[in-house]
Amino acid sequence: MGTTASQLGKELLSEYQELTFLTKQEILLAHKRFTELLTREEKDIPNVRVPMERILTLPELKSNPFRKRICYVFSTSEHKDGSLTFEDFLDLLSAFSDSATMEIKSHYAFRIFDFDDDGTLDSDDLQKLVNCLTGETDDTQLTFEEMKQLISNILEESDIDKDGTVNLSEFQHVISRSPDFVSSFKIVL
Amino acid sequence: MSRDNLIISDNDTDVQVDFPAEDQTSQEDNAHENKRRRKADGKERKKRAIKTGRASSIEDTEEHTQKHNRKRNGSKNHKHDKEKDQAKKYQNNKEEEGEIKRKAAKSKKNLKNEQTKKKEQDSEKSGTKKRSKEKKRKDSAEKDTKEKEKAKKKKKVIETSSEPESSEEENEEEEEEEDVVRPETLTPEELEKLKEAVEDRKKLIQGLRGKPWPMKKKLVTLKESQMFVEKYEGALGKGKGRKFYAYKVMMTKKWLKFKRDFENFKTACIPWEMKIKEIESHFGSSVASYFLFLRWMYGINMILFGLTFGLVMVPEALMGHPYGSLPRKTVPRPEEGSAMDFAVLWDFGVSRFLKGYAQYSVLFYGYYNNQRAIGWLKYRLPLSYFLVGVGTVAYSYMVVIRTMARNANEGGIGDDNSFNFSWKTFTSWDYLIGNPETADNKFASITTSFKEAILEEQESRKDDNIHLTRFLRVLANFLVLCCLAGSGYLIYFVVRRSQKFTLDGLENHSWWERNEVNMVMSLLGMFCPMLFDVISSLENYHPRVALQWQLGRIFALFLGNLYTFIIALMDEINVKREEEKIVRYNITMWEASLYNGTLSENSTAPPITVHPADVPRGPCWETMVGQEFVRLIISDTMTTYITLLIGDFFRAVLVRFLNYCWCWDLEAGFPSYSEFDVSGNVLGLIFNQGMIWMGAFYAPCLPALNVLRLHVSMYLQCWAVMCCNVPQERVFKASGSNNFYMAMLLVILFLSTLPAIYTIVSIPPSFDCGPFSGKNRMFDVIQETLESDFPAWFGKVFSYASNPGLVLPFILLMVLAIYYLQSTSKSYKQANMELKKKLQTQNEENKKKNKKAALKAAMDLEEARKAATQAAQLQAKHKPPSQQYENIEWDHEQRRYHRRDVRHQPTRGSRPPHHQEATGHLPGAPAQPRMHRSSNVPKH
């Protein structure tokens, strides 16, 4: 694909603009930030993968409780190690950009929340999700009872076909009514 | 492609979610393999075309289509509805292309060839049919394949994993490409079709960014589509009459590029975008919402400033009489000495006796002359002054209401509370948060919101001692009312006192006494909210409710203060008007004495010209009002900045550096760092704007002043937030509050235009200053213009139109229209609710249906499998070892099927694995129920 580490080709840049929700400046900024993550040797390798640990040092992701999930979801690596190429990184930023559609945002949100990658949000996924949201410390964690109540409430609301799990279309149905999903599902470099 | 298939592929969209890495790689592999195979296919076809339609070759193609079909069925399509429609179109196209091909072939190839092709098509069609059947009866399809497999004796491994949906399109592409070679043979209709296909491709290219594919796949598809489009457009452009088309295509390309560049340019032009984004990523969207609001305000004020500056101030400065030519444009003699004094300029003329140059400039109402038309342009200045005053208010109303409507549209759907918990879980995290502290606060606030919601849900709230809480709440409200009344009285008292001071002459008083009013107002605005905060802790409200109360109280306080101030101003206006009467009388006396004096000495000399500075003049209450507002704004701005510096910056510095040598932890303990108070700041901004609206008519410089203030506070507050604030603990959502701010702004706008309109309509303007001097009322300027600048009939029509007989019915009509619209909106809401209910019941029903269907299909499958295994066993018994090999092969394949199903089952959103056992469903349950389900769930 001809991604040289130092400079983006003009053609490629316009293609990236075509394929993402990012503007030219944003793509260039993303490229700059991405190359900053690379070591010196890696800079010459085209299509280099940056391991997840290094991606997570980005301040924009550092305090996000879903940071690992985000990496896993956007990674195209065969080893499922959450490492990102520059294109994966652009995909990530595009999905989290201002102008991305509700559809694509909710799609990726669903995949991020689907911790076991089985295509549905079951009660285990929801539990993990809630634990992520409440933080790791003991004083913010919900008790077992509360968790049970909460999950049953969530399922009651959003599990339209009553199969005990929330699937993508149900998820999108719920999300699309939310007034502030689009404004909060954003990451800006 | 049949509709069923489409739906299934839709369902498969959901499936795609799960194995991203695996699938993608396999897809890529598949894509490559497919390409290779397709090429081989094409060659084969050509060969076949040259040869004749042999039965084996037909079978061969059938085999191929079968395989394709199966692959397609098993494939996981990423694409969305749009894409599917497109695919359908392509399907149609495909058939048509086939016809085209046939026609083209007729001329060159023999009949046998055509027969082959027909057969090919037939086989394809049957394949399509089979495909749809296959979905319903997988077992039969399996048998089919088994037979085929045997007949062909091919040892190809059948791919069970996915294949990109584009395979089909690519197929067509190839077919179409064959046509492109000779575009001349195409009829116009076919050309149209082609164009359509090209358009579809273009649409695909445009919609590509909205697809959740990995970039590699998007790139491949983009390149393919672009190549296709270019090839076709080239071909279409070759013809003689098609130059226009080519031109159009080129222009659209250029236009697209321009649009993209323009978009880039536009985002680069938005001021403070990066600053706000930085804040957003540190503090989350609620703090950023304040800055967005500030920027929005800045925009509005820029426009207001442009209006007043361009239409009032500049014309007067350029074309009106210059400074010093008229009494109203000159600093009076007694003030001349002190006019350039900085303190005087600074105070904008604190008293009637000490006025600086600022008062006698375009900045204030009094400077403007009442000459009807000025300069060589015959610019109607008084008229434009009046219209600009009205226009600023009208424009503000329009903008605020429009923004409110847009916000309501965006967030209007979110008002139903049916997804309370789901929203809390799915959407409460603000992904913009990049600061660990903010994240911690967010964790805490999310936890509390969960706990509250659970508590509310359980409705197990202990309402012990409800009497005490009630009593405390009443007490708190009583205290707040006392505070409000006290602050109101204080302001009134101070304003009255300052009037007395001004009568005494200000030189005799200290700085405090001169600026008492503004200082008291600012101090009240600073300390009362704190007091309210303390009082509200008595009430024991839910934090959100408490916040609303708090906001409401601050609002009431500001409003009360503002209105007391206005009432006091009204008093002052009346005083001034009394004074004006006396001055007027004195002036006639003075003039008479002047003339008397001159007449007695020399009757032939021309009347003595009195220097304008010496002419006695009236108090000009309009300028006084403008001055008051300017002073208010300035002192308000100063207090804001000073509180910012002291309350935030110095506090942060002290906490930071004294922490090294203090007995307790200052950072975590009592003083700590300050939070950024979004609601308070927004309220401040709103009230500031209200004052601008109120005073802008009497002091055209106010919008300019406000632009300056907002500009400075943008930078100052951005810096202060980033440098010395910690994120708030009480995080509330940006989207919910946006319209709340707007609503407050609207209320303030209304309340602040009221007194302005009152003064314009009911108080006669001063006799010797301002653009309306000499008129009975300010709005007389309109009538005057109508009479003198328009033809007579226009004035007549206007007077007819403005008579109550016409105006009243018009108002009535508007009221009726409002009523009608409101009732329709109500009925729409009701219909919405009904539909929602319907949807729910339908979902229930469908669910029941699906269950039944799934059960039945499972039974079918089980039976078929039994039969198949029996047959296999039989065969194994009777067949020689050479054939047993195949059997194994088939078994292997069947197992693959199972595995795939097992793998897919949970991903389809029907059931997690452990549920399957419980409900007694077989792992290989067919896809039928799923496809129903996917159609159930409404898409948005």
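## Salt bridges and the A–B interface

A salt bridge here is a side-chain nitrogen of Lys or Arg within 4 Å of a carboxyl oxygen of Asp or Glu. With that in hand, the count between chain A and chain B is zero. Please keep in mind that this is a predicted model.

The two chains still share plenty of ground: 86 residues of chain A are in contact with 79 residues of chain B. About 7700 Å² is buried between chain A and chain B, and carbon and sulfur atoms give 61% of that area. On the chain A side, the residues that lose the most area to chain B are L19(A), L133(A) and R177(A), which together make up 10% of what that side buries. The rule finds two residue pairs in polar contact across the interface of chain A and chain B, both at pLDDT 80 or more. Helix α10 of chain A (residues 168–177) gives the most to the side that touches chain B, with nine residues. By class, the residues of that side of chain A divide into 33 nonpolar, 27 polar and 26 charged.

## The fold of chain A

Let us turn to chain A by itself. Chain A has eleven helices and two strands. Read from the N terminus, its elements follow the order α-α-α-α-α-α-α-β-α-α-β-α-α.

Of the 189 residues in chain A, 65% are buried. Take the contacts in chain A between residues at least 6 apart in sequence: 55% of these join residues at least 24 apart.

## Charged pairs within the chains

Over all chains, the structure holds ten salt bridges. As general background, side chains of opposite charge can pair when their charged atoms come close. One of the bridges joins D88(A) and R49(A), at 3.7 Å from N to O. This pair links distant parts of the chain, 39 residues apart: D88(A) sits in helix α6 (residues 86–95) of chain A, and R49(A) in the loop between α2 (24–37) and α3 (52–55). D88(A) is buried, at a relative accessible area of 2%, while R49(A) is partly exposed, at 28%.

Another bridge brings D117(A) and R69(A) together, with 3.3 Å from N to O. Here too the pair links distant parts of the chain, with D117(A) in the loop between α7 and β1 of chain A, R69(A) in helix α5 (residues 67–74), and their positions 48 residues apart. R69(A) is buried, with a relative accessible area of 9%, and D117(A) counts as partly exposed at 22%. The backbone of D117(A) deserves a look as well: its phi is near 55°, a positive value in a residue other than glycine. Chain A also has R33(A), E36(A) and E60(A) linked in a network of salt bridges.

In chain B, K257(B) forms a salt bridge with D261(B), and the closest N and O atoms are 3.4 Å apart. These two residues are separated by about one helical turn because they are four residues apart in helix α10 (residues 243–269) of chain B. K257(B) is partly exposed at 49% relative accessibility, and D261(B) is partly exposed at 38%.

## Cysteines of chain B

The structure holds one disulfide over all chains. C620(B) and C769(B) form it, with their sulfur atoms 1.9 Å apart. The link of C620(B) and C769(B) is right-handed, with 95° about the S-S bond. C620(B) lies in the loop between α21 (543–601) and α22 (621–658) of chain B, and C769(B) in the loop between α25 (734–762) and α26 (780–789), so the pair ties together parts that are 149 residues apart in sequence. Both C620(B) and C769(B) are buried.

What keeps C482(B) from a bond with C483(B)? The sulfur of C483(B) is the closest cysteine sulfur to that of C482(B), but at 7.3 Å it is too far for a bond. C482(B) is partly exposed, with a relative accessible area of 39%. C723(B) is in no disulfide either; its nearest cysteine sulfur, in C724(B), is 3.8 Å away, and a disulfide needs sulfur atoms within 2.5 Å. C723(B) is partly exposed, at a relative accessible area of 42%.

## A buried threonine in chain B

One more residue is worth a visit. T623(B) is placed in helix α22 of chain B and counts as buried, at 1% relative accessibility. Apart from its neighbours within four places in sequence, T623(B) is in contact with Q359(B), F364(B), Y365(B) and G366(B).

Key: Residues are numbered from 1 along each chain as its sequence is written. Chains are lettered from A and ligands numbered from 1 in the order in which they are written. This is a predicted model: local features need pLDDT of at least 70, side-chain atom pairs count only at pLDDT 80 or more; totals for chains, interfaces and linings use all residues. Side-chain values use heavy atoms; hydrogens and water are left out. Contact means heavy atoms within 4.5 Å. Buried area is the accessible area (1.4 Å probe) that two parts lose on being put together, summed over both. A polar contact is a pair of N or O atoms within 3.5 Å; within protein, one must be able to donate a hydrogen and the other to accept it, and residues adjacent in sequence count only if both atoms are side-chain atoms. Ala, Val, Leu, Ile, Met, Phe, Trp, Tyr, Cys and Pro count as nonpolar, Asp, Glu, Lys and Arg as charged, and the others, Gly among them, as polar. Buried means under 20% relative accessible area, exposed over 50%, partly exposed in between (1.4 Å probe, protein chains only).
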